[in-house]
Amino acid sequence: MKWDWSAVADFMPYFWDGLLVTLQILVLGSLISFALGLVWALLMRVPTRWVTWPVGAVTEFVRNTPLLVQLFFLFYVLPEWGITFSALTTGVFAIGLHYSTYTMQVYRAGIEAVPVGQWEAATALNLPLRRTWTAVILPQAVRRVVPALGNYVISMLKDTPLLMAITVLEMLGEARLFAQQQFQFTEPLTVIGFAFIVISYLASLALRALERRLVH
Amino acid sequence: MSTDTHAPFEKDPGSPRGTGELIRLEKVTKRFGDHTVLDNLDFSVDTGKHVTLIGPSGSGKTTILRLLMTLLKPDEGTITVDGDRLFPASEKQVREVRKKIGMVFQQFNLFPNMTVLRNITEAPVTVLGMSKDAAEERARELLEMVGLSEHIDKHPAQLSGGQQQRVAIARALAMRPQVLLLDEVTSALDPELVAGVLDVLRDIARSTDITMLCVTHEMNFARDISDQVLMFDSGRIIEAGPPEKIFSEPEHDRTREFLSAVL
Amino acid sequence: MTSGLWELVLKGVWVTIQLLVLSALLATAVSFVVGVARTHRLKFVRFLAGFYTEVFRGTSALVMIFWVFFVLPPAFGWQLVPLWAGTLALGLTYGAYGSEIVRGALAAVDPAQREGGIALSFTPWQRMKLILLPQAVPEMIPPFSNLLIELLKGTALVSIMGMGDLAFSGNLVRLALQESAEIYTYILVIYFVIAFLLTRLMRGLEKKLKAGAGKARVRRPDPEPKRPETTNAGGAVR
């Protein structure tokens, strides 16, 4: 095996560009998945099947089909319907939507873990339903779900390269472009492979620290 | 208990205790599956009275409190509070009637995400529309009454069980309810913490005209504060009377058995 | 859509299923070897197994696929058939997640069972084979079922390398018809149906194994479908 350090040096400027895009996807995608997942979780508690059945079916479908095909769907189908977004926007939305079907499960578990006595105390104090959710239930549920949500952020990191398939130049996209132009595959692919391992390792350390802080 | 003008509750000389009926349950039946917890129950409580429900566990005492707090719905019957229907009634009506009722739970059920102060002010501000300042002023008075002024900014997890329960009492009183429901409020406490909570409740019983409905296994406490004691068995009231009578010369065999077991 | 295009899709389904079965077999083997190695009495073996898990869980499956397709051949001088390259990349990656499942299930077996094995003077391998694994395997099925669905979704990644799987056939049909909504809907539905059948299959397997392990009571499958856990941190919702 030949290893060429100068190829690494040549690749680094593109690497930083790609890293920036990867982190951008990760942050925005996470925020979408956190928000949308909460919406799904709350809709699943509406006491009518007319809401829970469609929401349950759609999220089940999204969760059980490949993100890659969902990306193709949004990237190629939306323009046919006259809706055009940049590849990055489409990708961020797709990954956020995909992961929202996981975060909804996390929220559900978090909400169900709030003791029933909290609901009873809210009733006894006559708090309106909306206030019960916003002031009592959700603040307690969110605390419980932070670690699990963090795990999904790390999972999402490792799915960001899929956006390369719809022309987004994140880390893997930059690596492939560089490889095709310079005919050097080993160095850029290995650099980003390491980058993923390092970032997800650091992220899991940060998550563990956060979790310890949340314990009390 | 202080009698100055800032006291959280004052007896209104114009309305002496025991004028008229405040709570009425008529033909109330409650089942859980096949098990009938309350069987065609009739009973009423007069304004300002302190009524204690005693009886073996599973006899339906707590169910009555939970029905009154609308945590449960009866299967049959009607429930009236202060002349207003609580069941059957519209959701809007229920919300209005519920303002007259406060409850203290066995497990305290304080909101762990809020400070002691906010636990007490949350409902007065959002439900009664009190100003934040007025609600906090009142919360301070109540905390002084239950002896926890220095813990005002702590979170519930930083307090002992007994302290948490006293905050829960203050939280219930902050809504100025006409009725206070006490559901085995000392059962979850370590033995050495029980007295502090009961002292606070004795104070409230003595110095306010709030109506109290109390489920407890503390018979001495029941004897001290009650105007009336109801003995429950299998979803029915089998004996009722003033505490002196129930505790000293019970008529019913089941009451005698129960008292000899707990006293 | 013409029947010729449907034929293309069916071929894609066949490639996806082949890839799924092969990589699931490799992933299962890796899961058990690495997962059991993580309970080994030698610290060095435990370290190696843990290192493997961290590295392969830390990186992205798609990056791993690129690596196997583009870096391995020049480095070692041989070129894998795409199907085997895909199997290798997916099997090694998802096997790392699976090893966590195996390790967790082994750790969850009542310690008294292990002590019972010691008391009967079984060798460590006999204890593993006769006592620990038969009890732990049924508990692994619900998480493995979720992992299998993730693997199915992961197989779509090979289409990026030009392998003619189900996702790739969708791209071909799109190019042929210049129309995307219909074909991608079909493709998604087909994936969903496969996922549904796999879930059913795993549920049946769980029932069978539980009955075999003397546990009549069949627990409902894990109600929370999960992506493969990334770290030991924060898995549990308290």
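Here is a chat about chain A and its interface with chain C in a predicted model.

Q: What's chain A built from, helices or strands?
A: Chain A has eight helices and zero strands. Going along the sequence, the pattern reads α-α-α-α-α-α-α-α.

Q: How many residues of chain A touch chain C, and how many on the other side?
A: 55 residues of chain A are in contact with 51 residues of chain C.

Q: And what area do the two bury between them?
A: About 4,600 Å², with 67% of that on carbon and sulfur atoms.

Q: Which helices of chain A supply at least two residues each to that side?
A: Helix 2 (49-63), helix 3 (67-80), helix 4 (87-112), helix 6 (129-159), helix 7 (171-182) and helix 8 (186-215). Helix 8 gives the largest share, 14 residues.

Q: What kinds of residues are on that side of chain A?
A: They split into 32 nonpolar, 13 polar and 10 charged.

Q: OK, how many salt bridges cross between chain A and chain C?
A: Zero by the rule used here. What the rule for polar contacts does find across that interface is 12 residue pairs, both residues at pLDDT 80 or more.

Q: Switching topic: what size of box do the C-alpha atoms of chain A fill?
A: Roughly 70 × 45 × 25 Å, taken along the principal axes.

Q: What percentage of chain A counts as buried?
A: 54% of its 216 residues. As for surface, chain A exposes about 9,700 Å², and carbon and sulfur atoms supply 69% of that.

Q: Last one: among contacts in chain A between residues at least 6 apart in sequence, what share join residues at least 24 apart?
A: That share is 79%.

Methods: Residues are numbered from 1 along each chain as its sequence is written. Chains are lettered from A and ligands numbered from 1 in the order in which they are written. This is a predicted model: local features need pLDDT of at least 70, side-chain atom pairs count only at pLDDT 80 or more; totals for chains, interfaces and linings use all residues. Side-chain values use heavy atoms; hydrogens and water are left out. Contact means heavy atoms within 4.5 Å. Buried area is the accessible area (1.4 Å probe) that two parts lose on being put together, summed over both. A salt bridge is a side-chain nitrogen of Lys or Arg within 4 Å of a carboxyl oxygen of Asp or Glu. A polar contact is a pair of N or O atoms within 3.5 Å; within protein, one must be able to donate a hydrogen and the other to accept it, and residues adjacent in sequence count only if both atoms are side-chain atoms. Helices (H or I, at least four residues) and strands (E, at least two) are DSSP runs, numbered from the N terminus. Ala, Val, Leu, Ile, Met, Phe, Trp, Tyr, Cys and Pro count as nonpolar, Asp, Glu, Lys and Arg as charged, and the others, Gly among them, as polar. Buried means under 20% relative accessible area, exposed over 50%, partly exposed in between (1.4 Å probe, protein chains only). Accessible areas come from the Shrake-Rupley method with a 1.4 Å probe; for residues, only the protein chains shown count as cover.
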